[in-house]
Amino acid sequence: MTGAEMVVQALKDNGVKHLFGYPGGAVLPIYDELFQQDDVQHILVRHEQGAGHAAEGYARSTGKAGVMLVTSGPGATNAVTPLQDALMDSIPLVCITGQVPTSLIGSDAFQECDTIGITRPCTKHNWLVKDVNDLAAILHEAFHVATTGRPGPVVVDIPKDVQFAKGIYTPPQTAPRTSYQPKIQGDLEKIKEAVALMAGAKRPVIYSGGGVVNSGPEASQLLRELVDLTGFPITSTLMGLGAYPKSGKNWLGMLGMHGSYEANMAMHDCDVMVCIGARFDDRITGRLNAFSPNSKKIHIDIDPSSINKNVRADVPILGDVGRVLEDMVRLWRATAKADKKTLYPWWEQIAKWRARDSYAYKHNNDVIMPQYAIQRLYELTKHLDTYITTEVGQHQMWAAQHYGFEKPNRWMTSGGLGTMGYGLPAALGVQIAHPESLVIDIAGDASVQMCIQEMSAALQYNAPIKVFILNNSYMGMVRQWQQLLHGNRLSHSYTEAMPDFVKLAEAYGGHGIRCDKPDELDDAIKEMISVKKAVIFDCRVATLANCFPMIPSGKAHNEMLLPDEATDEAVANAIDAKGRELV
Amino acid sequence: MNAQLQPTGSAYFIAKETEKPEIHTLSVLVDNEPGVLARVIGLFSGRGYNIESLTVSETEHEKHLSRITIVTRGTPHVLEQIKHQLERIVPVHRVVDLTVMAQELGTGGALERELALVKVSGTGDARVEALRLADAFRAKVIDANTEHFIFELTGKVSKIEQFIAIMKPLGLVEVCRTGVAAMNRGPQGM
C-alpha cells in the first residue's frame, strides 16, 4: 500500500466521513487517492483557514474529530489560526499536511516551511513522518491523541515521497504509547470531600464550562441531574452554554465580562463554588484578587495544568468531567440529604439580583436594536433543529446573552482565541455534519469578511447556511473598548466602505436579504429560514449600541457596569484615570 | 499570585508577583524521539519560564528513553505549573521536582553535579599557580603543552564557578560546561 492509500485507509478506519481541505503540490498523491473512492467525502474550501474552522465546527457539533487536509508551505501556515483556536477551545482536530520530499527538507524548496516547528506550540502533538512504515501507526495515534484526554489539535506532516512510497499498513491498535495516559477517573476521596463541602453549603454555585460539552452528552445529562438533586444555582462560561438548558429553573445565565449580573454576583458572594470543566479564564474571573473572595472552590478538570493555574482550588479533582459527575451524583444520592430549604435565603438574594434585569436594553421602533434581532431570531428558530455559530465581537456576546441554548453541541464559538472569521466556515462544517438542520452564523459585519470566501464552498456543497450579520458598520467591540479606554478616539474601527451584502450573496449564487426596520424583521427572518440555500442576511442594527452588562477591566464581579447605569459619562469613567495611564 | 497592581486600563489584569522565586531542579523522563527537546524548550520560552541549566541524554537505550535535567527558577506556584505543563507533553513519561522530593526525603537537596572543561594559557608563575590551584580543586589535566592546560573538573555548580573565577586572572581562555546532572539520594529512583 502506498503512503497516500494508507492516509485514506486510516481515515476510514478512524470513522471519518468528511474532511475539509485544499489541494496543492505536496498533497497531490493523497488527493489522487481521495478521487478514487467514495467512503470519505472531501469538502473543498476556498482558504485553508476555512478548512480548519469548518472542521472545528464539524467536531464541536458531532463530538467526533474534525479532519483537515492541506498542502505544504502556505497551506500549512494558513492552518495555524484554526489549530491555535482548537488548542484553546479543546477541539479535536486532525490536520494532515503535505510536505516537500524528505530529501529536500531543509533546502528552502518551493512551498517548504518548517510545519512541525511552526505548529509545535499550537498543537497538542505533531508528527513528521519520515518512513512510510510508521505512517499508519502515527495516523492512528494522531486520532487517539486528538480525541482523548483534553481534546485538541494534532498535525501529521507527510513528505511527498512518503506518500508515494510503499509500505505495510497496520490497523488501529488499542495500546497507546505509555507516556500518554490521561487520567479519566477522579479520586474518590476527593469527590467525597467535594460532596461533603457541597452538602454543607449555604450559598453554593455551579460554574460549568466547555469541558462538560467535550465530555459528551452523558456529562451534560449528569450535570442536569446534579443540579436537580442539589438545587444549586448554575452558571456557565461562553464555551459551556447548552450543557444546562436556558429554560432550566436553576439557570443564572452566562458569567464573566459580559455575563449576567446574577451569575457574577452569585460567583462573588458564594461560599462554595463547584467549577466543572472550566479553566478560570481572565474573561471569567475579572480582577483575580477580588475573585469570589469567601468561597471554597472545587475544581473538576481533566488537565492537571488547568488546576491551580489562575485560581487556587481547595478541592482539586483530576479526571473526566463525565466520570467525576457520575461519582458525584451517586455519592450525593447515597450520603448527602441536604435540605433544599437551607438554600432559600440564597435564592431570595439571587432573585433580587435577577430583578436588576441586566440584559435589558431600550427598545426602539425605528431602528433594530442588536439584542432585539437576536431575541427575534431565537423566538423564530427555537422550535427548529438549530445550530448556532458566531464570529467574534459584540454580536457574539449578544448571541450568548439572548439566544437560549437547550442542548449541548449546538453552540459553536471561538472562545479562547477569539478568532474573527470563525463563524462562517464553522457553520459550513456544522451543516455538512447535519445537512437537514438549520445552521445560523450570527455574525458581525467586520468578522464575517475575514472568511467570507467560504460562501462559495457553501454553495458548491448545497449547504444552506444562514449568515445573519448584525451590521453596524463598526468593529463594535473594538469601538466599545476605544470608548472605554481611549477617550472615544475611534481609530480605524469604522468600516467606511462596506460591501453590499445582498449583492455579495447573489454574486456567490446565494440569497441576500436586507432588513433595517424592527417591524419587518420577523418576516425577513422567516424568509431566511424558508430559503433552501445559503443566505446572507444583512441586518442593519443601531450603529452605536454597546454590549452590557460589563465588568470593566480591573474590576471585580460585584462592580459590573449595568445597562441602565451605562450612560456616556459612566462609560467614559468606568476605568479610572490612573488605570488608563498604565496602558 | 493574589496581589495585583492597581487596575490598568487594559483588557488584562496584570498581577504583581509577591511570592519569592526559588530554584528547583526537575528531572524529566521522555521518549527519545525527534523534536522532544524542542517541545520542552519551546514550552519554557513560550510560557515565559526560566531555564538556568539544561542537560539531556539518552539514559535507557533499549527503551529509547532520555532524561532531561532542568534547573529552573520560579515561585512555588509557577514551579507547579511548569511541572504540570511538562506532563502534558505527549512523549513525556514522568516529571519529578527533585528539590521538592529531596525536601520530602529530608535530604536537604538533590545531588547535583556538573562537569567543566577549562582551558588556561600562560607561562611562568601564572602557569604554576593555575596547576597548583587545579590540584587543590582536584581538577584533572587532560591536555597540556608548554603554554596551556585543559582542566577537567567535576563538582557542584558553586565549585565550578569558583574555579572559573580563580582561573580568570591566570589566563583563562575558554570554558565548556555540561549543565547540571542530578538525582536524589537514597535507594529509590525518580
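Just over the halfway mark is a fair way to think of burial here: of the 583 residues in chain A, 56% count as buried. Keep in mind that this is a predicted model. The contacts in chain A tell a related story, since residues 24 or more positions apart account for 77% of those with a separation of 6 or more.

What is chain A built from? Its secondary structure comes to 24 helices and 18 strands. The radius of gyration is 24 Å, close to the 25 Å that the globule rule gives for 583 residues, so chain A is as compact as a globular protein of that length. If you want a box for it, the C-alpha atoms fill one of roughly 70 × 60 × 50 Å along the principal axes.

One stretch of chain A carries a label. An unreviewed UniProt entry annotates residues 392-538 as "domain: Thiamine pyrophosphate enzyme TPP-binding". Over residues 392-538 the chain is 37% helix and 16% strand, and the C-alpha atoms at its ends sit 17 Å apart.

Now for some backbone oddities. Most residues other than glycine have a negative phi, and most peptide bonds are trans. Ser473(A) goes the other way, with a positive phi of about 65° although it is not a glycine. Look for Ser473(A) in the loop between β16 (466-471) and α20 (476-485) of chain A. Is Ser473(A) exposed, partly exposed or buried? It has 17 C-beta neighbours inside 10 Å, so Ser473(A) counts as partly exposed. Further along, a cis peptide bond joins Phe548(A) and Pro549(A), with omega at about 0°. Pro549(A) is in the loop between β18 (535-540) and α23 (568-572) of chain A.

Chain B has a positive phi to show as well: Arg138(B), not a glycine, has phi near 55°. Arg138(B) belongs to the loop between α4 (125-136) and β6 (140-144) of chain B. With 10 C-beta neighbours inside 10 Å, Arg138(B) counts as exposed.

Stepping back, chain B is divided into domain 1 (22-105) and domain 2 (111-183). Their C-alpha centres lie 29 Å apart. The contact between them takes eight residues from domain 1 and six residues from domain 2. On the domain 1 side, the elements giving two or more residues are β1 (22-31), β2 (53-60) and β3 (65-74) of chain B. Which of them gives the largest share? That is β2(B), with three residues. By class, the side of domain 1 that touches domain 2 has three nonpolar, five polar and no charged residues.

Notes
Residues are numbered from 1 along each chain as its sequence is written. Chains are lettered from A and ligands numbered from 1 in the order in which they are written. This is a predicted model: local features need pLDDT of at least 70, side-chain atom pairs count only at pLDDT 80 or more; totals for chains, interfaces and linings use all residues. UniProt positions are given in the numbering used here, feature names are shortened, and annotations may be inferred rather than shown by experiment. Helices (H or I, at least four residues) and strands (E, at least two) are DSSP runs, numbered from the N terminus. The radius of gyration is taken over C-alpha atoms; the globule rule is 2.2 Å times the number of residues to the power 0.38. A residue is buried if 20 or more other C-beta atoms lie within 10 Å of its own, exposed if 12 or fewer, and partly exposed in between; C-beta atoms are placed from the backbone. Two residues are in contact if their C-beta atoms, placed from the backbone, lie within 7 Å. Domain bounds come from an automatic or database domain assignment. Ala, Val, Leu, Ile, Met, Phe, Trp, Tyr, Cys and Pro count as nonpolar, Asp, Glu, Lys and Arg as charged, and the others, Gly among them, as polar.
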